[in-house]
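Here are a few short exercises to work through with the model open beside you. Try each task before reading its solution.

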Amino acid sequence: MKKIIIGMSGASGAIYGIRLLEALKAIEGVETHLILSPSAGRTVAEETDYKLEYVRSLADVVYPHGDIGAAVASGSFRTAGMIVAPCSIKSLSGIVQSYNDNLLTRAADVCLKERRPLILMIRETPLHLGHLELLAQAARYGAVLLPPVPAFYNRPQTLDDIVNHSVGKALDQLHIDHNLFRRWKEAG
């Protein structure tokens with residue numbers, strides 16, 4: 001069983017975390033471990049028509065944001081990696097500074113220290129120098145920076161097409177097969 005941690009911060013773009021959970025639920029052999037920040041709950045309510053209960057139901061295991069003693073807070077809990085979608089600058093800052101006052105930043109820190117993939121779907125624009133320096137530090141520490149930037153070579157027709165492309169790119173980082181988008185030069 002491939003265990004994947006999904007962290008959802010309060011940044012705009014809750015649909016990325018939701019779509020990740022939906023896609024992973026449909027893939028056999030994957031177990032999802034979800035950490036929702038309190039602000040993520042608000043963002044889900046403000047940006048989508050989904051209920052928080054639905055989002056939680058998509059995960060195999062849901063942890064309280066404040067439970068820094070949860071299984072995913074330990075390096076002895078083996079995972080295939082973690083995706084933070086969306087990742088706020090606040091969460092990025094906590095991760096980079098190893099400020100582990102909540103489970104999302106602690107689990108991300110564990111992935112970095114154990115050399116496991118950590119994919120950060122940063123949601124902020126424009127970026128000032130402080131943001132860029134945090135992003136550079138995260139990259140130096142081993143995180144993959146994957147802001148949800150739309151691609152147009154696959155000719156997206158809907159907002160779902162754009163969301164699916166970014167989610168698929170995140171899943172590619174964990175070597176998880178999916179059919180969320182048409183790849184470059186792939187027959188349509």
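**Exercise 1: The nonpolar core**

The largest nonpolar core of this predicted model has 30 residues, and those with the most contacts inside it are I6, M8 and I83. Find which helices and strands each supply at least two residues of this core.

*Solution.* Begin with the strands: strand 1 (2–8), strand 2 (30–36), strand 4 (81–87) and strand 5 (118–122) each supply at least two residues. Next come the helices, where helix 1 (14–25), helix 2 (38–47) and helix 7 (159–173) do likewise. The largest share, eight residues, comes from helix 1. Apart from this core lies another, of 27 residues, including L103, L118, L134 and A143.

**Exercise 2: Around I6**

List the residues that I6 contacts, leaving aside neighbours within four places in sequence.

*Solution.* Going along the chain, I6 is in contact with L20, L21 and L24, then with H33, L34 and I35, and finally with I83.

**Exercise 3: Two residues, buried or exposed?**

Place S88 and decide whether S88 is buried or exposed; then do the same for E53.

*Solution.* First, locate S88: this serine is in the loop between strand 4 and helix 4 (89–96). Its relative accessible area is 14%, and buried means under 20%, so S88 is buried. Not counting residues up to four places away in sequence, S88 touches S9 and A11.

Now turn to E53, which is found in helix 3 (residues 52–57). Its relative accessibility is 56%; the cut-off for exposed is over 50%, so E53 counts as exposed. Finally, check a distance: E53 and G41 are 12 residues apart in sequence, and their C-alpha atoms are 9.9 Å apart in space.

Conventions
Residues numbered from 1 in each chain as written. Predicted model: local features only at pLDDT ≥ 70, side-chain atom pairs only at ≥ 80, totals over all residues. Heavy atoms only, no water. Core = buried A, V, L, I, M, F, W, Y, C linked by side-chain atoms within 4.5 Å. Buried < 20%, exposed > 50% of the residue type's maximum accessible area, 1.4 Å probe, protein only. Helix = DSSP H or I, 4+ residues; strand = E, 2+ residues; numbered from the N terminus. Contact = heavy atoms within 4.5 Å.
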